[in-house]
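Trainee: I would like to take a close look at one part of this model and understand it properly. Could you guide me from a charged pair outward to what lies around the rest of the chain?

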Amino acid sequence: MSSIGKSINQFISEQQNKTDSNSDDLSGLIADIASACKKIAHLVNRSAITGIGGASASENVQGEVQKKLDIITNDVMVEQLNHHGHLAAMISEEIEDIIQIPEHLPKGKYLIAFDPLDGSSNIDINISVGTIFSILRCTDASREVRSDDFLQAGTEQICAGFCVYGPTTMMILTMGNGVNGFTLDSEIDEFVLTHPDMTIPEDAAEFAVNISNQRFWETSVQRYIDECIQGVDGDREKNFNMRWVASMVSDVYRILIRGGIFLYPLDTKSANSSGKLRLMYEANPMSFIVEQAGGLSTTGYQRIMDIKPTDLHQRVPVILGSKNEVERIIRYHQEDKLS
Ligand code: FDP
């Protein structure tokens with residue numbers, strides 16, 4: 001029987017019943033995340049009316065100017081996830097330190113890392129934004145959670161997902177056994193399964209990159225993009241199309257639907273030149289989803305999910321998407337290293 005149309009809660013309970021190894025109650029936590037995302041969708045949707053679309057007076061831990069909505073959506077996530085005893089602690093793009101669960105509230109066995117409003121520089125121009133999250137297990141919830149509890153490789157994630165606030169609000173989710181997409185049905189205020197078993201085609205002819213950074217990239221990435229641009233006249237003998245929404249959730253969603261490659265590679269533009277995107281709440285969850293959908297995700301030199309994090313807000317280069325295209329870029333990196 002088709003599962004299309006099932007609510008996210010029903011779908012997850014059924015998935016958990018099927019897998020003995022996954023008997024822990026994740027459904028409650030995912031239900032809380034879904035509730036937070038519904039609230040965020042509503043806030044984003046009304047932001048021009050309520051006047052919360054612009055910049056705030058503060059900067060986040062990355063030194064980026066925070067939007068009022070960055071702060072408000074962070075608070076929505078914390079409030080919504082605090083109360084039900086599923087979590088031992090949280091980290092957020094918007095907050096430097098670990099967010100501990102207050103003493104008077106029950107603690108659970110999971111950790112969550114999230115970016116409450118990714119792509120928020122797009123809010124003012126009415127382009128899709130999103131929430132990204134990664135769930136890890138907490139090995140010892142009996143004491144205050146420390147950084148090293150969070151600093152687990154992406155392979156340890158037990159669930160990851162993202163929500164896109166676009167023409168429709170969608171949640172994409174993996175619990176390590178495939179990827180499923182749920183659409184928010186505003187008539188019943190529920191996420192319902194609309195995109196079961198999402199799979200990324202192995203080949204693609206579409207790339208997403210901020211090409212204005214081209215002169216700062218390594219030779220391997222320059223070569224790959226040059227060849228795409230040369231199309232049928234170059235070594236690839238094939239035309240490519242370019243799309244860059246500059247909102248990671250939208251770019252990754254497109255890749256889940258029709259394949260392609262997304263790059264935010266290493267560049268020499270920023271002083272520390274370690275990439276732009278954050279490992280714990282952007283690169284890792286997106287990599288988990290992409291790999292579960294049959295794609296690959298790498299820094300160019302290393303599988304992203306194998307990186308042992310050293311910092312809660314660490315940045316990494318990200319190259320992800322259709323398997324054959326990502327493999328080609330990895331090969332170009334290896335050839336570069338040898339030359
Ligand atoms: P943003 O800075 O607007 O939050 O997460 C960072 C991110 O957006 C991604 O969503 C997006 O892919 C990228 O940065 C956009 O970077 P550019 O501004 O360099 O295009």
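Trainee: What is the relative accessible area of D140?

Mentor: D140 has a relative accessible area of 28%, which makes it partly exposed (buried means under 20%, exposed over 50%, and partly exposed in between, with a 1.4 Å probe and protein chains only). Before we go on, keep in mind that this is a predicted model, in which local features need pLDDT of at least 70 and side-chain atom pairs count only at pLDDT 80 or more, while totals for chains, interfaces and linings use all residues. Residues are numbered from 1 along each chain as its sequence is written, and side-chain values use heavy atoms, with hydrogens and water left out.

D140 forms a salt bridge with R143, their closest N and O atoms being 3.5 Å apart; the term means a side-chain nitrogen of Lys or Arg within 4 Å of a carboxyl oxygen of Asp or Glu. R143, at 23% relative accessibility, is also partly exposed. Side chains of opposite charge can pair when their charged atoms come close. A search of the whole structure finds 17 salt bridges, and two others are worth setting beside this pair.

In one of them, E206 meets R254 with the closest N and O atoms 3.7 Å apart. E206 belongs to strand β11 (residues 206-209) and R254 to helix α7 (residues 248-258), so the pair ties together parts that are 48 residues apart in sequence. Helices (H or I, at least four residues) and strands (E, at least two) are DSSP runs, numbered from the N terminus. Both E206 and R254 are buried.

In the other, R223 and E335 have their closest N and O atoms 2.8 Å apart. This pair links distant parts of the chain, with R223 in helix α6 (residues 219-230) and E335 in helix α9 (residues 323-338), 112 residues apart. R223 is partly exposed at 33% relative accessible area, and E335 is partly exposed at 34%. Salt bridges that share partners join R223, E227, R328, R331 and E335 into one network.

From charged pairs we can turn to paired strands. Six of the seven residues of strand β9 (residues 179-185) are buried, so β9 is largely enclosed by the rest of the structure. Strand β8 (residues 169-174) pairs with β9 in the antiparallel sense over five bridges, where pairing requires that DSSP finds at least two bridges between the strands. Within this pairing, L173 stands opposite N180 of β9. The two strands form a hairpin with four residues between them, and G176 in the turn has a positive phi of about 90°. Strand β10 (residues 190-195) also runs antiparallel to β9 and is joined to β9 by five bridges, with V192 of β10 as the bridge partner of T183. β9 and β10 likewise form a hairpin with four residues between them, and here D189 in the turn takes a positive phi of about 55°.

Helix α8 (residues 279-292) is mostly covered, since twelve of its 14 residues are buried, among them E282 and F288. Just after α8, G294 takes a positive phi of about 95°.
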